[in-house]
Amino acid sequence: MSGNERPTMKKVVEQLQKALDNQLAPSGPWSDDDDFAAHHQGKPAGSLASSASISPSWMLDVFISFRGEDICKTFVDNLYWALVRRQLITYKDDGELPREEEIKSTSLIKESRIAIIIFSPKYASSSGCLKELAFIMKNRDARGQIVIPIFYGVEPSEVRSQTRYYGEAIAMHELNNSNKTVASWREALVKAADLSGSWDLANGNESELVQKMAGRISNELHSLMQHSEAKSKPSADTDLIGIEARMQELNLLLEVGTGGVRRVGISGMWGSGKSTLASSIYSVMSHEFEGCCFVNKVRARSRTHGLKMLQEEVLSNVLKLKVTLTNLEEGIYMMKRKLCKNSILILLDDVDHADHLEMLAGSDNWFGNGSRIIFTTRNPGLVKARSSLTLNIRMLDVKEAIELFSRRAFGKSEPSQGFEEVSLNMVSKFGGHPSALIRLGSFLYGKDMSEWMSILGRLEAIPVNEILSKFKIRDDGVVRDISDRLIT
């Protein structure tokens, strides 16, 4: 499995079962409780792939704890599918997990990054639910699990003080359980009811609240993943200098979350960072949509394989199933019919003809409310012709150019001692062009000052456009050998 793929649900089940078989997952205080094990025989579900990998410390994204008798077929199902459509690996009790794949609920809770507790009128009447609650609160303290309470048909004060439904339920449990057990349940109820960030469904449209909850949870998980990745990779990516400012500009044009359908064309010359910018914004925001697809090298691949194959790629990725088309017209028909009900993010990289946009993202009404279409092109006229919002990508300023060049030439963010002036002179010949600076820095890495001065002398007599042409990557993506162009 590649680094950017998420595990399939079958794989998650197998991993958890293996952990249990090998006794890698520590047992809870009631790990051998048959009544509790029988309480949850559900299955996790989610996407086949995502732009960010799930943390190795958490096998599941979301665990939903609830009492099924009063809300199972309404609110919980809606919330569950809203999370799944956002590609989150989510577990809830549906009673359909095959006997041979049963997993004890303590381990499922333990391996979930977020636990949602839905306090409904009958929640506390189940000893299984209260055991889940107690373990969730313990896991929150031990592993930093995020816990989100939702109050469905009850007031937070009822849960906190154990009045009305909750008072009656606790009184019944006191007849059949030890004082210590009931006291632990009472304590867990109080702690959960006092948590910040809870949701009270007493007011508001339920379907709208479900979407807001799913969006918030998705955003929270994505932020946690980014933070985890940043901690594991303390050094900056050598090719992403200046990317944050450009991403902010693109974000202002996209206005994700404001509804409608928006198209943004990123325009600029070869190697200017269009694809890097587009792929960076895609990886950050793809989790906010119900479907997404990144089609790279549209120009080259359409020539080699045809646009029908790219239509199949879009449909297969968004719908999460294998799609085979007979012709382009069938592809257009399917995209109109299948993509119009959901928010979709499409990124088309390196578009150079109107047919590419016509066949892969023809009209706004192909896509559901909230969808965003991003495409990159070297042809600014194509952006205007499609009535798209335009982002003309900026070349690097001097400070950014020096840092990018230095990371390749010296392996750090600034020139080595004695190379400051020659580095500045080198960089000034390239007009802030990212791709050319990367290749020049890589070529000069490890060379002595005499070689640097020799190459600089040759560059000083050549106009900028001619210099850049020596570094241009071929249209098919093949990188040319520049050594003979600089030495001779």
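**Aromatic rings and nonpolar cores**

Let me begin with two residues: Phe119 is buried, and Tyr123 is buried as well. Please keep in mind throughout that what we are looking at is a predicted model.

How are the rings of Phe119 and Tyr123 arranged? Their centres lie 5.2 Å apart and their planes meet at 75°, and because planes over 60 degrees apart count as edge-to-face, this pair is edge-to-face. Phe119 also has a second partner, Phe151, and here the pair is stacked, with 5.6 Å from centre to centre and 20° between the planes. This second pair links distant parts of the chain, since Phe119 belongs to strand 4 while Phe151 belongs to strand 5, 32 residues apart. Phe119 and Phe151 are both buried. If we now add Tyr166, we have one aromatic cluster, made of Phe119, Tyr123, Phe151 and Tyr166, and across the structure there are 13 aromatic pairs.

From the rings I would like to move to the nonpolar cores. In soluble globular proteins, nonpolar side chains tend to be buried together. In this model the largest nonpolar core has 32 residues, and those touching the most other members are Ile117, Phe119, Leu133, Val159, Tyr166 and Leu189, so that we meet Phe119 and Tyr166 once more. Which elements supply at least two residues each? They are strand 2 (60-65), helix 4 (105-110), strand 4 (112-119), helix 5 (127-143), strand 5 (146-151), helix 7 (164-176) and helix 8 (179-193). The largest share, seven residues, comes from helix 5.

To see this core from the position of one member, consider Leu189, which, if we leave aside residues up to four places away in sequence, touches Phe119, Leu130, Leu133, Val159, Gln162, Tyr166 and Ile170. Apart from this core lies another one, of 28 residues, including Leu339, Ile344, Leu360 and Phe375.

Let me turn next to helix 19, which spans residues 434-444 and is mostly covered, with ten of its eleven residues buried. Among the buried ones are Pro434, Arg439, Gly441 and Phe443. After helix 19 comes Gly446, whose phi is positive, near 85°.

Phe443 brings us back to rings, now together with charges: the charged end of Lys447 sits over the ring of Phe443, 4.3 Å from its centre. A similar arrangement is found elsewhere, where Lys92 lies over the face of Tyr80, at 5.0 Å from the ring centre.

To close, I would suggest returning to Phe119, which takes part in the aromatic cluster and is also among the residues touching the most other members of the largest nonpolar core.

Terms used:
Residues numbered from 1 in each chain as written. Predicted model: local features only at pLDDT ≥ 70, side-chain atom pairs only at ≥ 80, totals over all residues. Heavy atoms only, no water. Core = buried A, V, L, I, M, F, W, Y, C linked by side-chain atoms within 4.5 Å. Buried < 20%, exposed > 50% of the residue type's maximum accessible area, 1.4 Å probe, protein only. Helix = DSSP H or I, 4+ residues; strand = E, 2+ residues; numbered from the N terminus. Contact = heavy atoms within 4.5 Å. Phe/Tyr/Trp six-rings, centres within 6.5 Å; stacked < 30°, edge-to-face > 60°. Lys NZ or Arg CZ within 6 Å of the ring centre and 35° of its normal.
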